Amino acid sequence: MIRRAVLIVLGLIWLGPTYLLLVNASRPAASYDPSQAWVPSGDFALFSNFSAAIEKASLGQSLTSTLLYALVSPLLGVIIGALAGYTIVVLRLRGGFWWFMLIFGGTIFPSQMLLIPLFVGYSDAGLYDSRLGMILIYTAINVPLAAFVLRNFYTGVAFSIFEAARMDGATTWRIFWRIYLPLSLSALAAVYILEFTFVWNDLIFGLTLSQTESVRPVMPALAGLMTDVYAGTPVPVGLAAGLVVSLPTVALFLATQRLFARGLSLGSV
């Protein structure tokens with residue numbers, strides 16, 4: 001009984017910030033009062049606040065760009081990662097372990113170490129502030145995790161499947177596309193969901209490598225909007241924008257949580 005009561009109290013404390021976010025994001029912008037932050041206003045103005053945020057920070061273009069990045073880059077990342085895992089494990093690439101370490105080893109460095117080289121390289125290559133440049137960097141970041149999960153997955157697949165397909169005359173590409181890729185769909189889906197969330201929520205690369213409203217992801221646009229809170233943007237408007245923009249990733253996880261858990265467990269074989 002005491003344990004349950006302690007858990008309930010801790011749960012309520014943990015949900016406190018979420019409650020504040022919901023209450024104040026739904027409050028009419030003109031009636032915001034910090035001293036009444038814990039008290040619901042009785043009026044539901046979430047969507048009107050979000051509309052004001054879209055108009056003030058041009059979130060519509062940023063949302064479109066972010067959706068493009070979050071759909072395309074993880075897709076390319078998981079396919080390239082699956083090809084890497086297939087080549088290393090199934091085709092038994094010479095020095096495969098070291099190739100894997102080369103692919104995955106870059107993830108041990110903090111992202112902040114990459115910002116200046118990326119900025120200089122993108123500026124020299126003409127990729128700065130372009131959608132193509134954003135897709136390329138997000139794809140490159142997504143490949144190591146996909147390669148790690150798919151390498152582990154393909155390790156658990158019997159090599160006799162590959163040998164039987166080769167004896168039937170199938171090419172290595174056909175074997176990958178028609179056999180190994182369908183076998184790993186659950187693991188691929190789990191990695192895709194995780195990487196979609198990362199790209200959607202990215203701030204640091206969007207701030208560094210983009211500038212215009214039509215290219216920058218939504219999180220840098222939100223960061224600029226929240227900075228403007230101190231210059232006149234109502235707090236409920238900023239909170240409503242952050243809440244609504246975060247809903248797609250929450251909905252995605254809730255809709256695919258079983259597939260996500262199953263795919264990651266398969267990838268850990």
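Trainee: In this predicted model, is W38 buried, partly exposed or exposed?
Mentor: The relative accessible area of W38 comes to 54%. A residue counts as exposed when that value is over 50%, so the class of W38 is exposed.

Trainee: And which class does Y19 fall into, buried, partly exposed or exposed?
Mentor: For Y19 the relative accessible area is 33%. Buried would require a value under 20% and exposed one over 50%, so the class that remains for Y19 is partly exposed.

Trainee: How many aromatic pairs are there in the whole structure?
Mentor: The search that gives this total was not restricted to one region, but covered the whole structure. The number of aromatic pairs that it finds is 16.

Trainee: Are the rings of Y19 and W38 stacked, tilted or edge-to-face?
Mentor: The centres of the rings of Y19 and W38 lie 5.9 Å apart, and their planes meet at 25 degrees. Because planes under 30 degrees apart count as stacked, the arrangement of Y19 and W38 is stacked.

Trainee: How many residues apart in sequence are the parts that this pair ties together?
Mentor: Y19 belongs to helix 1, residues 2-25, whereas W38 is found in the loop between helix 1 and helix 2. The pair therefore ties together parts whose separation in sequence, in residues, is 19.

Trainee: For F196 and W200, which also form an aromatic pair, what is the angle between the planes?
Mentor: The two rings of F196 and W200 are 5.9 Å apart, centre to centre, and the pair is stacked. Both residues lie in helix 9, 4 residues apart, which is about one turn of the helix. The angle between the planes of F196 and W200 is 20 degrees.

Trainee: Are F196 and W200 buried or exposed?
Mentor: F196 has a relative accessibility of 7%, and W200 has a relative accessible area of 5%. Both values are under the 20% that marks the limit, so F196 and W200 are each buried.

Trainee: Which residue of helix 9 is 8.9 Å from F253 in space, C-alpha to C-alpha?
Mentor: The residue in question is 59 residues away from F253 in sequence. It lies in helix 9 and, at 32% relative accessibility, counts as partly exposed. Its name is L194.

Trainee: Where in helix 6 does the kink lie?
Mentor: Helix 6 covers residues 131-155, and its 25 residues reach 36 Å from the first C-alpha to the last, close to the 36 Å expected at 1.5 Å a residue. There is nevertheless a kink of about 30 degrees in helix 6, shortly before the proline P144. The residue at which the kink lies is V143.

Trainee: Over the face of which ring does R92 lie?
Mentor: R92 is placed in the loop between helix 3 and helix 4, and with a relative accessible area of 55% it is exposed. Although R92 is not a glycine, it has a positive phi of about 55 degrees. At 3.8 Å from the ring centre, R92 lies over the face of F159.

Trainee: Is D129, whose phi is also positive, buried or exposed?
Mentor: D129 lies in the loop between helix 5 and helix 6, and its phi is near 60 degrees. Its relative accessible area is 18%, so D129 is buried.

Trainee: What is the relative accessible area of S62?
Mentor: S62 has its place in helix 3, residues 59-90. Leaving aside neighbours within four places in sequence, S62 is in contact with E213, R216, P217, V218 and A221. S62 is buried, and its relative accessible area is 0%.

Trainee: Which element of the chain has the lowest mean pLDDT?
Mentor: The chain has 12 helices and 0 strands, and its average pLDDT is 84, with 93% of the residues scoring at least 70. Helix 10 has the highest mean among the elements, 92, while the lowest is 75. Where pLDDT is low, the predicted coordinates should not be read in detail. The element with the lowest mean pLDDT is helix 12.

Technical notes
Residues numbered from 1 in each chain as written. Predicted model: local features only at pLDDT ≥ 70, side-chain atom pairs only at ≥ 80, totals over all residues. Heavy atoms only, no water. Helix = DSSP H or I, 4+ residues; strand = E, 2+ residues; numbered from the N terminus. Expected span 1.5 Å × (residues − 1). Bend = angle between axes of the 7 residues up to and from the residue. Phe/Tyr/Trp six-rings, centres within 6.5 Å; stacked < 30°, edge-to-face > 60°. Buried < 20%, exposed > 50% of the residue type's maximum accessible area, 1.4 Å probe, protein only. Lys NZ or Arg CZ within 6 Å of the ring centre and 35° of its normal. pLDDT = per-residue confidence, 0-100. Contact = heavy atoms within 4.5 Å.
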